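This report goes through one protein model, its secondary structure and a few selected sites. Please keep the sequence and the coordinates at hand while reading.

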Amino acid sequence: MPREITALPGEVGLPILGHTLAWLNDPIGLPTRLRAQHGDVFVHHLLFARPVVFAHPDAIGQIFADEGAALSTAAGWRPFFGRVLPGGLLLRDHEDHRHHRGLMQAAFSQAALRAHVQVMNARIEPALEAWSEGGSGPQTRLAVPSFRQLTLDLAGALFLGAELGADLPRLTQSFERVAEGVAGVIPWNLPGTALWRGLRARASLVAYLRALIPSRRAAPTPDLFGQLCQAVNESGERYTDEELINHVLFMWMAAHDTTTGSLVMMAYELARDAEWQERLRAEANTLGPNLPYERLGEARETEQVVNEVLRLYPPVGSVPRVTNRETSLGGVRLPPNTPIRASILLAQRHPAFWSDPARFDPDRFSEARAEHRRHRHSFRPFGGGAHTCMGLRFATLQMKAVILPLLRRFRLNLPPGYVLRIKPTPSFRPADDLPLLLTPLNAG
Ligand code: HEM
């Protein structure tokens with residue numbers, strides 16, 4: 001017999017705010033404690049919702065599979081993206097989602113990724129060169145704004161086209177306002193709020209992109225927007241102008257904070273683990289500079305570190321869904337309109353599937369240990385099922401393409417006595433932006 005939702009354990013925290021403040025303060029410790037105390041399914045109260053949280057990989061697999069189409073992804077994500085970034089793939093369900101996603105596949109083909117790596121390499125080296133301008137001694141650099149600037153610059157060129165040149169900084173600035181609008185806590189569109197600024201910035205980006213569409217439709221370009229403008233399915237269907245704009249803006253958002261957060265957390269872990277930093281530097285020096293798509297695949301130890309960082313600090317820590325009719329999940333009967341969360345974070349730190357789960361230990365992803373194969377759904381940083389991340393390969397390539405040249409150029413250290421405090425939004429990252437000590441090395 002499935003359990004009733006009213007019989008589930010859990011905590012609701014403070015009146016109105018629930019656990020929101022505690023979560024903002026300790027976004028990894030709080031859910032870890034709740035799971036340890038209440039088990040693999042519990043209820044809590046966060047960001048004005050009272051979701052049922054599922055932490056066991058079995059239930060997470062069930063949520064991603066969504067057999068019988070009982071879950072709405074759009075209803076889950078609407079409170080986060082609905083106002084500023086409508087129409088993206090996560091705001092679409094079932095048949096409508098399949099149609100929109102199908103049209104997008106070609107933009108993520110191997111040929112497209114190969115071209116993207118070339119564009120990335122051409123921009124990463126000069127950006128890191130500029131990081132060396134402080135001279136030959138150690139210098140402190142705030143990791144979050146530095147990596148954010150770099151990923152924004154890359155995304156501008158990859159998504160809209162490097163040839164937009166002088167317009168790109170202005171466009172990425174508008175995009176940052178859009179991203180702040182998504183993350184804003186005040187839900188009303190009042191002058192001066194992040195939402196208000198975000199919507200204005202969105203309007204200016206929409207106007208710019210709309211003007212670009214005729215030329216991108218007339219002649220193919222390798223950037224993502226250009227690829228989407230060319231996209232056509234077997235029935236000859238294409239995206240409308242409105243849909244094209246919505247998709248590229250949503251994609252930009254999906255790519256930007258997730259990659260920035262992962263790069264920052266990777267720099268943090270490498271800065272405090274001299275042995276792994278050296279192992280990756282040795283790999284970087286063996287492989288050499290400006291690695292094309294195929295050769296990035298050879299960076300195996302770097303891949304283990306990327307995986308371990310995505311396991312410990314999954315940028316999308318929990319995936320929201322809402323039941324659209326009565327259904328059963330993880331042995332619980334859920335009525336219609338129940339908000340639920342698949343906790344990627346908790347599955348990836350689940351003590352039944354990972355040894356010493358809180359420890360940074362990239363060798364757990366080695367062929368010899370392969371802890372990630374203990375359960376099909378215990379390692380799901382990119383989600384699963386119909387909504388699996390479109391940018392999965394893109395993201396890992398980008399992380400490798402940045403970290404390898406960075407380690408060839410610099411030794412990374414933390415300030416003496418540094419204590420990490422994590423904040424949860426827009427994705428896990430150090431609350432103080434991480435003051436990283438960079439010492440230039442000789443390799444160029
Ligand atoms: C480390 C980086 C990234 C992580 C951890 C990540 C994670 C995820 C996750 C967990 C989902 C599924 C959400 C759900 O099921 O509700 C998702 C969806 C998505 N991601 Fe990523 N993502 C990353 C980077 C990217 C990049 C670089 C792009 C684009 C180039 C991208 C584009 C998308 C899109 C379009 C979706 C929606 C797919 C759909 O609804 O069919 N992501 N991502």
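The text below covers the sheets, one helix, the iron site, the aromatic pairs and two single residues of this predicted model.

**Five-stranded sheet**

One open sheet has five strands in the order β2-β3-β9-β6-β4, and its pairing is mixed. Its edge strands, each paired on one side only, are β2 (41-43) and β4 (71-72). Strands of a sheet pair through backbone hydrogen bonds, either parallel or antiparallel.

Between β2 and β3 (residues 52-54) there are three bridges in the antiparallel sense. Val41 has Phe54 as its bridge partner in β3. The next step in the order, from β3 to β9, is parallel and also has three bridges. Here Phe54 stands opposite Ala342 in β9. Strand β6 (residues 318-323) runs antiparallel to β9, and five bridges join the two. Arg321 stands opposite Ile340 of β9.

How many of the five residues of β9 are buried? Four of them are, so strand β9 (residues 339-343) is largely enclosed by the rest of the structure.

**Three-stranded sheet**

A further open sheet contains three strands, ordered β1-β8-β7, again with mixed pairing. Strands β1 (3-4) and β7 (327-329) form its edges and pair on one side only. β7 is joined to β8 (residues 332-334) by three bridges, and these two strands run antiparallel. Within this pairing, Leu329 stands opposite Val332 in β8.

The paired strands for which bridge counts are available are listed here.

| Strands | Bridges | Direction |
|---|---|---|
| β2 and β3 | three bridges | antiparallel |
| β3 and β9 | three bridges | parallel |
| β6 and β9 | five bridges | antiparallel |
| β7 and β8 | three bridges | antiparallel |

**Helix α8**

Helix α8 spans residues 168-183, 16 residues in total. From first to last C-alpha the helix reaches 22 Å, close to the 22 Å expected at 1.5 Å a residue. The buried residues of α8 include Leu168, Leu171, Phe175, Glu176, Val178 and Val182. Also among them are Thr172, Ser174, Ala179 and Gly181. What do these buried residues pack against? Their partners are α4 (73-81), α6 (110-131), α7 (143-161), α9 (194-218) and α11 (241-272).

**Cysteines and the iron site**

Which residue is the only protein donor of the iron atom of the ligand? The donor is Cys389, through its SG atom, at 2.2 Å. Cys389 lies in the loop between α15 (344-348) and α16 (392-409). With 31% relative accessibility, Cys389 counts as partly exposed, because buried residues must be under 20% and exposed ones over 50%. Cys229, in contrast, is buried at 1% relative accessibility. The disulfide count of the model is zero.

**Aromatic pairs**

The model has ten aromatic pairs. In one of these pairs, the ring centres of Trp354 and Phe379 are 6.4 Å apart. Their planes stand at 70°, which is over 60 degrees, so the pair is edge-to-face. Trp354 and Phe379 both sit in the loop between α15 and α16, 25 residues apart, and the pair links distant parts of the chain. Both partners are buried: Trp354 has a relative accessible area of 2%, and Phe379 is at 17%. Elsewhere, one aromatic cluster is formed by Trp77, Phe80, Phe81 and Phe250.

**Two single residues**

Asn307 is part of helix α14 (residues 300-312). Is Asn307 buried or exposed? At 16% relative accessibility Asn307 counts as buried, since the limit is under 20%. Beyond residues up to four places away in sequence, Asn307 touches Phe365 and Phe379. Phe379 thus has a place in this contact as well as in the edge-to-face pair with Trp354.

Gly226 belongs to helix α10 (residues 224-230). This glycine, Gly226, is buried, with a relative accessible area of 0%. Which residues is Gly226 in contact with, leaving aside its neighbours within four places in sequence? They are Arg216 and Thr221. Gly383 is 157 residues from Gly226 in sequence, and the C-alpha to C-alpha distance between the two is 27 Å.

Methods. Residues are numbered from 1 along each chain as its sequence is written. This is a predicted model: local features need pLDDT of at least 70, side-chain atom pairs count only at pLDDT 80 or more; totals for chains, interfaces and linings use all residues. Side-chain values use heavy atoms; hydrogens and water are left out. Two strands pair if DSSP finds at least two bridges between them. Helices (H or I, at least four residues) and strands (E, at least two) are DSSP runs, numbered from the N terminus. The expected span of a helix is 1.5 Å times one less than its number of residues. Buried means under 20% relative accessible area, exposed over 50%, partly exposed in between (1.4 Å probe, protein chains only). Contact means heavy atoms within 4.5 Å. A disulfide is a pair of cysteine sulfur atoms within 2.5 Å. Donors are N, O and S atoms within 2.8 Å of the metal (3.2 Å for Na, K and Ca); water is not among the atoms, so sites may look incomplete. Rings of Phe, Tyr and Trp (its six-membered ring) pair if their centres lie within 6.5 Å; planes under 30 degrees apart count as stacked, over 60 as edge-to-face and the rest as tilted.
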